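Trainee: I'd like to learn how to read a protein model on my own. Could we go through one together, feature by feature?
Mentor: Sure, let's open it up.

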Amino acid sequence: MTQQLKLRPVPAGGSLIRRLSADRPARPVYVALALLVVLGWLVFALDGGAFLSQENIVGIQQRSAALGIVAVGQTLVILAGSLDLSVAYLISLTSLVTAEIMAGSDTGVPVAVAAALAVSALTGLVNGLIVTRLRVHAFIATLGVALVIRGALDARYDGPAGSVPESFQHLGYDRIGPLPVSALLWAAVAAGAWLLLSRTRLGYRIYAVGGDTEVARLSGVRTERVVVAAHVLCSVCAGIAGLLLASRLGAGAPTVGTDGGYDLESIAAVVLGGTALAGGRGGVAGTVGGVLLLAVLDSIFNQLEVNSFAKDVVRGVILVAALAIYARRRRTR
Amino acid sequence: MRRALPIFVVLAGLLVAIAIVNPYFLEPPAFLAFVKRAAPLVILAAGQYFVIVSGEFDLSVGSLVTAEVVIAARLIDGSAEATWPVLALMIAFGLIVGLVNGIVTTLLRVPSFITTLGMLLILSGAVFLWTGGSPRGALSEQFRQLGRGSLGPVPWSVLILAAVAAAAVCAMRAGFGHTLVAAGDNDRAAALSGVRVARVRTVAFMISGLSAAVAAILLGGFAGVSAQVGKGLEFQAITAVVLGGVALGGGRGSVAAAMAGAFTLEALFTLLNLYGISGALEPAVQGVIIIAAVALGAVRFPRARAAAAS
Amino acid sequence: MLRMTGIGKSFLGVRVLGGVDLEVSAGEVHAVVGENGAGKSTLMKILAGVHAPDEGTIEIDGRSVTFGHPVEAQRAGVAIIYQELTLLPERTVAENVFLGREPVRRGMVDRAAMESATGELLKSLGEESFGPRDLVRRLSVARQQVVEIAKALSLNARIVVMDEPTAPLADHEVELLYTLVRRLTARGIAVLYVSHRLREIFDLADRITVLKDGARVTTAEASSLDTAALVRLMVGRELDSYYPPRAAGPPGEVILSVRGGGNTRLHGIDLDLRAGEIVGVAGLQGSGRTELAKALFGAEPFTTGEMTPRRPRSVREGIAAGIGLVTEDRKAEGILPNQRVRDNALLVARATGAPRNGIERLLERVRLSPPRPAQEIRLLSGGNQQKVVLAKWMSVAPRVLLFDEPTRGVDVGAKAAIHDLMRELARDGMAVLMISSELPELIGMSDRIVVLREGRVAGELPAGSSEEAVMRLAAAS
Amino acid sequence: TSDKPAPSASGASAGAPAGSAGPADKGTGEQSKFFVQADYDAQMAMRKAQATGPSDKPWEQSIDPQLVDTAEFKKAGPYHLCFSNAAVDNPWRQVGWKTMQAEVALHKEITEFTALDAEGKDDKQISDIAELQGKGCDALIVSPNTTATLTPAVSGACPKVPVIVFDRGVQTDCPVTFIKPIGGYAFGAAAAEFLVDKVPAGGKILALRILPGVDVLETRWSAAKVAFDKSDLQVVGVEFTDGDAAKTKSVVSDYIQRYGKIDGVWMDAGATAVAAVEAFEDAGQPVPPINGEDQQDFLKKWSDAKLTAIAPTYPTYQWRTPVIAALKILKGEQVPKVWNLPQPAITQENLATYLKPGMPPLHYALCGCEDLPGYPEKWGGTS
Ligand SMILES: Nc1ncnc2c1ncn2[C@@H]1O[C@H](COP(=O)(O)OP(=O)(O)OP(=O)(O)O)[C@@H](O)[C@H]1O
Ligand SMILES: Nc1ncnc2c1ncn2[C@@H]1O[C@H](COP(=O)(O)OP(=O)(O)OP(=O)(O)O)[C@@H](O)[C@H]1O
Ligand SMILES: [Mg+2]
Ligand SMILES: [Mg+2]
């Protein structure tokens, strides 16, 4: 490199505050989350339950862990200006890979985890290469890959398969104090992604490529590698979610990903968190807020025993309303 | 049209391949049956084309189709007199859903991916909330005729498809079509040239809603009431449009090619079925072919003609 | 120091460069000139690793190099300011300057180092109005260009390419750039300078390479040429006079008149446009010239004041009132890149349902050459694109046509054609308003010049006023 | 058209997952890995067995009950029942869910009834079961979304509260009782035996399945396969329809076109039976023997078009039983360990009793809900 400029650190005044507010688009989702928590507390109080009880809080955490992990990955690809519709099938696939390799034995655990992550990384690589090399729009590329995985699943599995040893189920069921291990896993993934985005070159370049691919390229960023890397990371997140679900279900299931609706729901969580669908703006903090928002909403629905059709209506309205508010904020700024 | 050529070649190739396995395929009755089966998807693809070429997405058409059929069944409840008013109501409902999608997208500036995803949730929830979980009532025989019956040898759906295709091509040839493509290509330039971008895009969503209503009429007629008539149709329609060489993001591609894309998809299903790749591996083959087709379409072939220099 | 030999390049089977040689020595300002589409930017992009040449070699310091990606050119010591802004609006100035080369410490990006280095760069450019942590989105185009320059400088490159760096700059900012270029060359850095503004070429260049139709016509010492000779080399013929003659006789009736027009950016605008008259609008960057045009047109309407015809509240009302606007940003606001010339030219007529003239006559009138209505407009040169934009407005025969930087990034040949056309339109009774940052052009074309300052009319000058007079009004504090 | 199978016919007929023909080569493909001979034999036996219990209340009857003692769960009322439901995403579950709610309303001693809907998501149901344990339920009813994957969650709940599982089982015997109709083998066999009986020798059978991999559906098909393999019928195709009426109709039309004539249609579920019938009508052919299910639209078609048909059932009245069982358990009364409910088939003889004009087309006749409060309006019907 011919980089010869002297780089002297300057006193980093107020940089923490700056960094916290760097994820500015996330603010509304936390305001909404706070309001919803108050609403939840009211609803539970009137309905004779305790919203802030340990069971309920643990429930919310566990409910959000898998979606949360997928959504963090989805955030990375969306920030890079892409999209991944294949995560749902990939989750099913990795849950099966995990459970089949473990086959109920403790010794299989490391191999199974490695294999599940390898399979997902490979899927991400394929997604990324189709998007960058073959120049297929991510919507179609990942939809196509999703179909391919679905075909493989349909052909090979006709129901839950494999089994997960007791030891691995700790991941899905144990708690450390009030914190479920699964929620800690989610927190770790989110923190890792946050660090990646705010502190590493790859993170910077993900924003750059999502903001404007041509500008990034002309500035010397190898844009294709960045998009591929984002896809690999996203798929690995889906793979981790697959591991988590395998541990919770005790087996692999060919429909666990699609039944969970992880593809569209993860995208919904990401945009609820203020990340622009077009890429280049937003962050993980918002996504975490978005996922929590959906989980708290679910918890309130559960308490009120709202039927699933009404839930869909409410979710749809909230999604559109939230995005309308974001659009308005952006315009009036 | 030049850009649309590949899809017609692919379609012709597929039809020939089907005909080789099944020699009767190209005889009128079998071919008309094929067209009849393809009609709903082709109509949906035509509607989706208007939205995509204007630079947007419509993910709500699948659940709109389901909603339309369920609503029709409950309102008609087997009565012949109710048929025509309910048909009119279905059309109106499709237009209104499109109008809402359009207004939310253009005036509230919600990305259409999200607007229509929200609409998908709302429609699928609300309609079953209304009917108490599963479809009620029944479609009348008159209603069923449109999707099931035929005028002489030609099924009604084929006639309706022909009319829709003609209307779509005319709309794209007219000023409206050009302004729509302009909005999709560069909405700021279009707006500064006097194009009412919000309005033409909203109309595009309404056309998509209308096409979903028509598809619902045909599908409900063809196979009767079911809670999942529209399942997955939005992805199929978008895939068909993209297969036809229409660029996601807008501004490029023709409606004829989009409809050809839908026929191609339908022919592909038929062919896979004929070769016994039904069931398990069908999605895999479909996925590979779609990626391949779009990838090949994205490769630009050198042109002989020189670009002008001033 | 740099030697490019036999460079050839084709796009989609069209040859845009063939056998071009270019030699640049250390500490030299080497200008590259030529008409639109001559291949200047393409040649520069090949040097910057954006495009791979089909043929030819590049040597730096006698070593042969090949660049597969812009980053490789950067590493070989080539920095470039592209013709188009290449910044990310949602990121900070520092992040933009160091994009793709973020300094890392222990695996993490070293923000502090990045920001301090950017701060120093900005200071060395005499820029104090914004800092490394500002979002680029919040900067004016001129300031964004400063960021662009800082970005190129931060590379500490040995060869700096500037492709029309002054296009978005006003005259006094151009001066700053001059100082900067001289400072670079004093350090032994070679500067490749591309511009359509011939004055800058003669102000700065040591040597000039002229490209025409993708081939090198000549390379000559700047001192051995004058403007006329250079233009001759560029267009291959004599351009008799720079600006077409003004119309004789007094202007006609008032077609458009504003009294006290104002909105968020404009205040108390009084203005009359008469049939047969070209009114120039001068002003510094950010003085509100574009806003004035958009307000008259109805795109960003006046909210106060009187106007005849009735104050347009939307683009469509503007068009209905017989007003047209040729926008300053052709790519973003002027053309439909993927549509054919025909569809671009007929857009306004179609959008407003106006009866339309024959497309062939229209293209002939704007002197589009060759007139191919079926060609996609993005494949045309900037000058030809601009002619199609003109055709788009002429198809509805407006009574007032507003030109915002009509010749920005347009070569001398097309420029002359556009000037002729503007005159012709005025002669036919149209009222013409012309915004330009190029004072010679403004003075050469205008029947009178309105000068804007901070959103107000600072004064009006008659035809033939001096550049100094205009600048004095525009910059007075 | 010709009767000669098109070149692809062998491939198409082997559309079952494995894609290869079975040893007997009746075109039925390999036996499903879900097939368990012992279960099959047991169900075949139960089909012939006599159920014990009140004859007018099949939901309280049981076949071959092995009673277990529940004194340890005995508790004074009033009761709080909890229910973790897999989903309400299809008409069968809709009808069942309404029936269960009505059953709950029947019992004054149930003062609280908390139900969570997992929306078809295994992971959500696991969380739901955990959440319900925190709500102070006296008994927990579970309708599992899948067998294998819900097992850990149910095992976790058993020590804390009496658990009642119905419809689908779990792989543990910790629940106090598991309630189910006889099962999928009985369904599949009833339909297949009917076809073997009605279709002339050598006749061409088309088997229509919804999806591969769903346990209840797999057992239905594997029992049918056993019957067809023993018969002299030829299964010319096994196709998946995704439960989509339009696709069903297209598939049947294709087969009619390809083979000229289809002599019998076997279906693993009745939801698209009417579409299959219509395909024959639209082709201008007589409708061959066919099976459907107890949904009203099929029964009506059967009666109107005078079909040769049978409708094996998977009765929705089983949704009443768990509530009854829960109360029995909480009162310390004995319940069967495995509560096998009778699973009648609708035949030409009793068709009229099950045909209920005024009920919605997708209503299931064997809901056992006619005597419940709110019938028929609550089920979407008109009286
Ligand atoms: N990416 C591309 N694809 C196709 N053609 C291109 C591309 N880039 C440039 N061209 C064509 O190559 C020719 C040379 O363009 P180039 O931009 O190098 O000209 P220029 O001399 O820089 O003109 P200007 O003064 O307008 O900037 C033009 O005809 C242009 O249309
Ligand atoms: N307060 C401001 N906030 C944000 N952007 C501003 C502000 N003031 C000026 N700008 C930007 O500065 C640029 C120049 O402003 P404007 O277009 O009004 O000036 P102009 O005189 O027309 O200059 P030109 O036509 O040369 O761009 C615009 O792109 C505008 O966005
Ligand atoms: Mg250029
Ligand atoms: Mg301007």
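Trainee: Let me start with charges: how many salt bridges does the structure hold over all chains?
Mentor: Keep in mind that this is a predicted model. It holds 72 salt bridges over all chains. When you look for one, find a side-chain nitrogen of Lys or Arg within 4 Å of a carboxyl oxygen of Asp or Glu.

Trainee: Show me an easy one. Which residue forms a salt bridge with A:Arg217?
Mentor: That's A:Glu214, and the closest N and O atoms are 4.0 Å apart. Both residues sit in helix 10 (residues 213-218) of chain A, three residues apart, which is about one turn of the helix.

Trainee: And are those two buried or exposed?
Mentor: Use the cut-offs here: buried is under 20% relative accessible area, exposed is over 50%, and partly exposed is in between. A:Arg217 has 22%, so it counts as partly exposed. A:Glu214 has 43%, so this residue is partly exposed too.

Trainee: What about a pair from separate elements? Where do C:Arg3 and C:Glu59 lie?
Mentor: These two form a salt bridge, with the closest N and O atoms 3.8 Å apart. C:Arg3 belongs to strand 1 (residues 2-11) of chain C and C:Glu59 to strand 4 (residues 55-60) of chain C, so the pair ties together parts that are 56 residues apart in sequence. C:Arg3 is partly exposed at 39% relative accessible area, and C:Glu59 is partly exposed at 21%.

Trainee: Which residue does C:Arg365 pair with in a salt bridge?
Mentor: C:Asp428 is the partner, with 3.4 Å between the closest N and O atoms. C:Arg365 is in helix 14 (residues 359-365) of chain C, while C:Asp428 is in the loop between helix 16 (412-427) and strand 19 (431-435) of chain C, so parts that are 63 residues apart in sequence are tied together. On the accessibility side, C:Arg365 is partly exposed at 33%, whereas C:Asp428 counts as exposed at 54%.

Trainee: Which residues are joined into one network by salt bridges that share partners?
Mentor: Look at B:Arg144, B:Arg148, D:Lys249, D:Glu278, D:Glu281, D:Asp282 and D:Lys301.

Trainee: I saw D:Glu278 there. Which residues of helix 9 of chain D are buried?
Mentor: D:Glu278 is one of them, along with D:Ala273, D:Val274, D:Ala275, D:Ala276, D:Val277, D:Ala279 and D:Phe280. That makes eight of the ten residues of this helix (residues 273-282), so it is largely enclosed by the rest of the structure. Just after helix 9 of chain D, look for D:Gly284, which takes a positive phi of about 70°.

Trainee: Now for empty space. How many cavities of 30 Å³ or more are there?
Mentor: The count comes to nine. A cavity is a space where a probe fits but cannot get out. The largest has a volume of about 240 Å³. It is lined by 15 residues, and the closest to its centre are A:Arg63, A:Leu67, A:Glu265, A:Asp298 and D:Lys121.

Trainee: What kinds of residues make up that lining?
Mentor: Six are nonpolar, two polar and seven charged. At least two lining residues come from each of helix 3 (54-79), helix 13 (262-272) and helix 14 (284-304) of chain A, and helix 4 (122-133) of chain D.

Trainee: How much space lies in the second largest cavity?
Mentor: About 160 Å³. Of its 17 lining residues, A:Leu218, A:Ser219, C:Gln74, C:Ile80 and C:Leu155 are the closest to the centre. Its lining divides into eleven nonpolar, three polar and three charged residues.

Trainee: Last stop, the surface. Which residues make the nonpolar patch of about 480 Å²?
Mentor: A:Val38, A:Trp41, A:Leu42, A:Leu52 and A:Ile57. Helix 2 (residues 27-47) of chain A gives the most, with three residues. A:Leu42 is found in that helix, and at 43% relative accessibility A:Leu42 counts as partly exposed.

Trainee: For contrast, is A:Gly144 buried or exposed?
Mentor: A:Gly144 is buried, at 2% relative accessibility. It's found in helix 6 (residues 138-156) of chain A. The C-alpha atoms of A:Gly144 and A:Ser86 are separated by 8.1 Å, with the two residues 58 apart along the chain.

Key. Residues numbered from 1 in each chain as written. Chains lettered and ligands numbered in written order. Predicted model: local features only at pLDDT ≥ 70, side-chain atom pairs only at ≥ 80, totals over all residues. Heavy atoms only, no water. 1 Å grid on protein atoms, 1.4 Å probe; cavity = no way out; pocket = protein on both sides within 12 Å on 5 of 7 lines; lining within 4 Å. Points joined across faces, edges and corners; volume = space filled by probe spheres on them. Helix = DSSP H or I, 4+ residues; strand = E, 2+ residues; numbered from the N terminus. Nonpolar A, V, L, I, M, F, W, Y, C, P; charged D, E, K, R; others polar. Patch = residues over 30% accessible without salt bridge, like charges linked within 9 Å, V, L, I, M, F, W, Y side chains within 5 Å. Areas by Shrake-Rupley, 256 points an atom, 1.4 Å probe, with all protein chains shown as cover. Buried < 20%, exposed > 50% of the residue type's maximum accessible area, 1.4 Å probe, protein only.
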